[in-house]
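Hi,

Here is the structure I said I would pass on. Have a look at it first, and then read on for my notes.

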Amino acid sequence: MRLKYQRVIDGNMEYAAIAETYRKVESTTKRLEMTDYLVELFKNTPSEILDKVIYLTQGKLYPDYMGIELGLAEKLAIKALSRTTGIRESQINELLKKHGDLGLVAEDVIKKKKQMTLFSFEEEKSLTVEKVYENFDKIARAEGEGSQEKKIQYLAELLNLATPLEAKYIIRTVEGKLRLGIADMTILDALSIAYGGSKELRSLVERAYNIHPDLGYIAKKLAEEGIEGVKGIKIQLGIPIRAMLAERLSSLEEILAKMGGKAAFEYKYDGMRIQAHVSEDNIWLYSRRLENLTSQFPDVVKAIKSAFKGREGIFDGEAVPVDVNTGELLPFQVVSHRRGRKYGIEKAMEEYPVVLFLFDILYLDGEDLTMKPYPERRRLLEEVIEESEKVKFATRIVSEDIEEIRRFFNKAIEDGCEGLVAKNIGDESIYRAGAREFLWIKYKREYKVEIGDTVDLVVVGAFAGKGKRRGTYGALLMAAYNPEKDRFETVCKLGSGFTDEQLAYLPKKFESLCIPERHPRVWSEIDADYWFVPQVVLEVIGAEITLSPTHTCARDVIEKGSGLAIRFPRFTGRWRDDKSPEEATTTKELVEMYKNQIKKIG
Ligand code: ATP
């Protein structure tokens, strides 16, 4: 008779022990109880396979950053189940409709099969953790021709040996739907208890996890080398570090007070967080959730390689697509289709080049920098990175002057950022991997001003094209009309919405209006490459109106020192030849639009 948790003679462990733990974990919602069940499981697990048991408990085979995922298509799992039990696929599909969970169906049909066979459970060969893991691994890695059939076979082999309870969890795991609700922190708790239970151990285990987020690796170290093994876990190139996060406060005054009266304020870029690991012959890019992004951003890989002057480094930053012609930061969605896409990356890179704005360095030439204060890390960052078109430092100021900070915030919004991240500059300002604390505080704008209507703007200048637009204009400088002052005040750079033909024709169209200097009726603080007599009116649609320290439209009306700007302006295709420049949208109208269309950001 087989005992629960009994190990098979050759040192293997029965999968039944895991299945039984899952069953118990599923029966409770209390974290402490869950932890107890896990402690029991870990204590009963031979150290050689502790890592596998941990990954399986998380419903995976490896830490996420390795990118090897289980996730067998349901129809293949149904085929395997049908093959094992002799029950027709159509019948399994019927049962699936009823239960809504193929795991439950598997439990049900395997039970029926067992009842029908002559053998009893006791006499059967039992399923080991190794065997389950090995077949899952083969399923996850099978590729190419004939791989579907192989996957079905590997799964059927497991189901043939499985008890009904095991079959339920095998199916859920292989489909990537185990979802026991065991948080990583619960596993860390369970490990600390199983291996001694001291507070010191708990915090060491957590620190190790934050800089080397591989629970299987940590568990094995702990089981084989004890607390000293965990102390020895260091930052390693190629293994992502859990990202430091920011707290939030709703006023700059509060932030400044919390930071002790002075702090660094950096643009809060609205892109995708990227942690870049650079060694002499390799580069890895990781997302905030520690997924491996390297193959999706070959342009970033290349850019960081040539910008870095050291040997080995780990950098933290935000990747943001940029319109090369207007300099405007674009919403990340324009490149998000790169993710998970193997083809067409070259084209996407050309259309929407991404700039990596670096704000931290965590490791340099063998040295862990996370315990150094932020000002020193920033200094080192600036020392070892040479800025380029594609790799830049996060724009920042260090200030104690609330008005200066407010102006900087407005500029950040105008430049397409979400707000600012304030950073502590004291001795305590270490890089707290995985933590959300007040060493970093984000300050986001609370509302946006949406433009519900199109506006008619006057072309007052233009900028030379870059990239694909070399030889024509990259963007036009657009202005609204101020009737009181009888002048044209700039409000945006317009670069999108034009067809290729229109773009090519622009220089010719404006040839006769070209003047060597800014027209006296144009008020601009931006230096255009070409200036025009204000005459041509275009219809433009924009996403929102922001306060702007650079554009002159309605300067000082809403806020001292700020004008208004239109973000993401787009030519609608309509040349307003029927309108004279004095009939264009007025600065006053834009002020009204600004006031009327304030929308809270959630
Ligand atoms: P949010 O949705 O506000 O970005 P979050 O939970 O993703 O919130 P937080 O830690 O709260 O992340 O806010 C900081 C985030 O802002 C970082 O994860 C990073 O992606 C982004 N970011 C942009 N610029 C900076 C910067 N200069 N310094 C730090 N983080 C920055």
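A word on terms before the helices: a residue counts as buried when its relative accessible area is under 20%, with a 1.4 Å probe and protein chains only. Please also keep in mind that this is a predicted model.

With that cut-off, start at helix H10, residues 184–194. Here 8 of the 11 residues are buried, so the helix is largely enclosed by the rest of the structure. If you want to click through them, the buried ones are Thr 186, Ile 187, Leu 188, Asp 189, Ala 190, Leu 191, Ser 192 and Ala 194. What do they pack against? The buried residues of H10 sit against helix H2 (31–43), H3, helix H11 (199–211) and H12. Just after H10 comes Gly 196, with a positive phi of about 130°.

Two of those partners also meet each other. The axes of H3 (residues 50–57) and H12 (residues 215–231) come within 8 Å and cross at roughly 145°, and the crossing is right-handed. On the H3 side the contact is made by Leu 50, Asp 51, Ile 54 and Tyr 55. H12 brings Leu 215, Gly 216, Tyr 217, Ala 219, Lys 220 and Ala 223 to the same contact. Sorted by class, that gives 7 nonpolar, 1 polar and 2 charged residues.

Now the sheets. One is an open sheet of 5 strands with mixed pairing, in the order S1-S11-S10-S2-S9. Why are strand S1 (245–248) and strand S9 (396–399) each left without a neighbour on one side? They stand at the edges of the sheet and each has a single partner strand, so one side of each stays unpaired there. Ignoring direction, neighbouring strands in this sheet are turned by 35° against each other on average.

Within that sheet, strand S2 (residues 263–268) pairs with S9 in the antiparallel sense, over 4 bridges. Glu 266 stands opposite Arg 396 in S9. Helix H17 (residues 374–384) packs on the sheet and touches S2, S9 and strand S10 (419–423), its direction making about 55° with that of S2. Helix H18 (residues 402–414) packs on the sheet too, touching S2, S9, S10 and strand S11 (436–444). The direction of H18 makes about 135° with that of S10.

There is also an open sheet of 4 strands, this one with antiparallel pairing and the order S21-S20-S12-S23. Its edges are strand S21 (563–567) and strand S23 (598–600); each has a single partner strand, so each has one side without a neighbour in the sheet. The twist averages 45° from one strand to the next.

Strand S12 (residues 447–450) has partners on both sides. It runs antiparallel to strand S20 (residues 544–548), joined by 2 bridges, with Val 449 opposite Ile 545 in S20. H18 turns up again here: it packs on this sheet, touching S20 and S21, and its direction makes about 145° with that of S20. S12 is also antiparallel to S23, with 3 bridges between them, and Lys 448 stands opposite Lys 599 in S23. Helix H20 (residues 587–596) lies across S12, S20, S21 and S23, running at about 105° to S20.

Last, two loop residues to look at.

Is Thr 294 buried or exposed? It is buried, because its relative accessible area is 18%. You will find Thr 294 in the loop between strand S4 (283–286) and helix H14 (298–307). A polar atom of its side chain lies 3.0 Å from the backbone nitrogen of Leu 285. Not counting residues up to four places away in sequence, Thr 294 touches Ile 283, Trp 284, Leu 285 and Val 301.

Gly 434 is in the loop between S10 and S11, and at 26% relative accessibility it counts as partly exposed. Leaving aside neighbours within four places in sequence, Gly 434 is in contact with Asn 210, Arg 242, Ala 243 and Met 244. Its C-alpha atom is also separated by 8.9 Å from that of Arg 207, although the two residues are 227 apart along the chain.

Cheers

Key:
Residues numbered from 1 in each chain as written. Predicted model: local features only at pLDDT ≥ 70, side-chain atom pairs only at ≥ 80, totals over all residues. Heavy atoms only, no water. Axes fitted to C-alpha atoms, helices over the stretch in contact; angles between N-to-C directions. Left-handed = near helix turned anticlockwise from the far one by under 90°. Contact = heavy atoms within 4.5 Å. Nonpolar A, V, L, I, M, F, W, Y, C, P; charged D, E, K, R; others polar. Buried < 20%, exposed > 50% of the residue type's maximum accessible area, 1.4 Å probe, protein only. Polar contact = N/O pair within 3.5 Å; in protein donor to acceptor, adjacent residues only side chain to side chain. Pairing = 2+ DSSP bridges.
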